[in-house]
Amino acid sequence: MTTIRESDFVESIADALQFISYYHPQDYIRALTAAYEAEESPAAKDAMAQILVNSRMCAEGRRPICQDTGMVVVFLKVGMEVRWETDKSVQAMVDEGVRRAYTHPDNPLRASMVTPPIGARKNTRDNTPAIVHMELVPGDSLEVKIAAKGGGSENKSKFAILNPSDSLVDWVLKTVPTMGAGWCPPGMLGIGVGGSAEQAMLMAKEALMEPIDIHELQQRGAEDEIEALRLELMEKVNALGIGAQGLGGLATVLDVKIHTYPTHAASLPVAMIPNCAATRHVEFTLDGNGPAKLEPPRLEDWPALEWDGAAGARRVDLDTLTREQIAAWQPGERLLLSGKLLTGRDAAHKRITEMLARGESLPEGVDLTNRFIYYVGPVDPVGDEVVGPAGPTTSTRMDKFTEQMLAETGLIGMVGKAERGPAAVESIARHGAVYLMAVGGAAYLVAKAIKSSRLVAFEDLGMEAIREFEVEDMPVTVAVDSRGGAVHQSGPAEWRARIGKIPVEIE
């Protein structure tokens, strides 16, 4: 009989969440470095360089890899001979660990959990509750797998019940392009096949906790049907040409994991969940001898890589920018932004458009005439920081607000992550505006370009409040130009044709 003390379990959960907030798993760094070295697309290579440099900066500074510090997901395998020394539930103990981690004074993590999910959606302020899955197993130890799952990748989760005779490969190749780039490739795909609907989703999520080992599998060759399927999907998904951040390139996925379970004779449930460039997970075992001891990686584990953001980039002064100037920008062009821009994402956009619909004036300081808005919800600053990690959020969530914002506020540009939908692209072209893309997974690197920050409006929205940032050489890419040319359409199509393994459909 092993006794697990409440204090050891709570401390281990809190320490693990701090650990994964600033340390990438080293298998991910090795895989991303290999992909970076092999990449031929300049835009994708630059994006991966930013992610790798950001990763090392976060390890050195012990600050979050991404501003979205995730929803906590925990898988527990509880030995049937384990005894708990506590009067709390397992959920309550996990939540206490989450609370301590996310409110740590030296490295506060952004709280993203809201309740209730429909209606007020009020932030819980400490990122609780966690999502906890438990399984009773033989033994006298407690195995813990813990992840911090970002919303951008979680929102791209897919599920279907196929006919038993349908092709899983065909479904994946049809579905991955519909996920866009909001999940911040390159990352991993976790796939669950079989069981029931909820079992397939659970298997897909747990599969993402496994180490990246596709390169070893490629070298030795498949030994069973599932390994052969992993290899086939790895090759064919990358042949889609989506590439890093959806810009077009050779590396879209770094590994494909597949878990299976017996299923009903009439069914073939399949689930697919991606892990993003901010892959964050760790596992440990408690045996009654104190809290978990996590071994930090060595800085030598990161590649010796220098990123020159100025090379080949156009410098832009946001404070004097005109529509005539932005009309000269081309899709895929790299820019360095300096000057002032406002921030705002889902909740702020909703409030602004509601005010406009009622004929109300916007708050003082929210003048968007000839200005840019940055879709971001930053981490709180510590020490002498102006702002904490402040990478972009997925821009498609703002698509439904875009026409009204461009038509009624004088806004000329937006900065966010990943592609825009067809209606938003049409609106951008109609108003002669532009959309710029910052790299998801490079939040700390982006934050270094922010020289001042002040609260402007909607303080009650917390991390979603409107702020004014003053930036210096903030790196972005022109994703949609003033004529509606979209790099997230042209880039993947170009690289899919170059790779030449999957036909390119001509519209």
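1. I'd start with helix α6, since its burial gives a handy way into the fold. L168, V169, W171, V172, L173 and T175 are the buried residues of α6. That makes six of the eight residues in this helix, which spans 168-175, so mark it down as mostly covered. Keep in mind while reading that this is a predicted model. What sits over those buried side chains? The cover includes strands β8, β9 and β11, along with helix α9 (225-238).

2. The strands around α6 lead straight to a sheet. β8, β11, β9 and β10 form an open four-stranded sheet, in that order, and the pairing is mixed. β8 (158-162) and β10 (253-261) are the edge strands, each with pairing on one side only. On average, neighbouring strands here are turned by 15 degrees against each other, ignoring direction. Three members of this sheet, β8, β9 and β11, are among the elements that cover α6.

3. Within that sheet, have a look at how β9 and β11 go together. β9 (residues 187-194) and β11 (residues 268-275) run antiparallel and are joined by six bridges. If you want a spot to check the register, G192 faces A271 of β11.

4. There is a second open sheet of four strands, also with mixed pairing, and its order is β6-β2-β7-β12. Here the edges are β6 (131-137) and β12 (281-286), each of which pairs on one side only. The average turn between neighbouring strands of this sheet is 15 degrees, direction ignored. In the interior of the order, β2 (residues 71-79) and β7 (residues 142-149) are antiparallel, with eight bridges between them. K77 and the β7 residue E143 stand opposite each other.

5. Two helices pack on this second sheet. α1 (residues 6-22) lies across β2, β7 and β12, and its direction is at about 155 degrees to that of β12. α4 (residues 90-102) touches β2, β6 and β7, making about 140 degrees with the direction of β2. So β2 and β7 show up in the contacts of α1 and also in those of α4.

6. How do α1 and α4 meet? Their axes come within 8 Å and cross at roughly 45 degrees. That angle lies outside the ranges for roughly parallel, antiparallel or perpendicular, so the pair is oblique. The crossing is right-handed. From α1, the contact uses E6, F9, V10, I13, A14, L17 and Q18. α4 brings V90, M93, V94, E96, G97, V98, R100, A101 and Y102. The spacing on the α1 side is worth a glance: an α-helix has 3.6 residues a turn, so residues three or four places apart point the same way.

7. Strand β14 (residues 334-343) deserves its own point. Eight of its ten residues are buried, so this strand is mostly covered. Its pairing partners include β13 (residues 314-317), parallel to it over four bridges, and β19 (residues 466-480), antiparallel to it over eight. β15 (residues 372-374) runs parallel to β14 and is joined to it by two bridges.

8. For anyone checking register along β14, there is a residue pair for each of those partners. V316 is bridged to L337 of β14. L342 stands opposite E468 in β19. T343 has Y374 of β15 as its bridge partner.

9. On cysteines: the structure has zero disulfides. Why do C184 and C276 not count as one? For C184, the closest cysteine sulfur is that of C276, and at 5.8 Å it is too far away for a bond, since the cut-off is 2.5 Å. Seen from C276, the closest cysteine sulfur is the one in C184, again at 5.8 Å. Both sites are covered: C184 is buried at 4% relative accessibility, and C276 is buried at 10%.

10. Last, a look towards the end of the numbering. Where does S490 sit? It belongs to helix α15 (residues 487-499). At 41% relative accessible area, S490 is partly exposed. Its C-alpha atom is 8.0 Å from that of G248, although 242 residues separate the two along the chain.

Definitions and conventions: Residues are numbered from 1 along each chain as its sequence is written. This is a predicted model: local features need pLDDT of at least 70, side-chain atom pairs count only at pLDDT 80 or more; totals for chains, interfaces and linings use all residues. Side-chain values use heavy atoms; hydrogens and water are left out. Buried means under 20% relative accessible area, exposed over 50%, partly exposed in between (1.4 Å probe, protein chains only). Two strands pair if DSSP finds at least two bridges between them. Axes are lines fitted to C-alpha atoms, for helices over the stretch in contact, and angles run from 0 to 180 degrees between N-to-C directions. Contact means heavy atoms within 4.5 Å. Angles under 35 degrees count as roughly parallel, over 145 as roughly antiparallel, 65 to 115 as roughly perpendicular and the rest as oblique. A crossing is left-handed if the near helix is turned anticlockwise from the far one by less than a right angle, and right-handed if clockwise.
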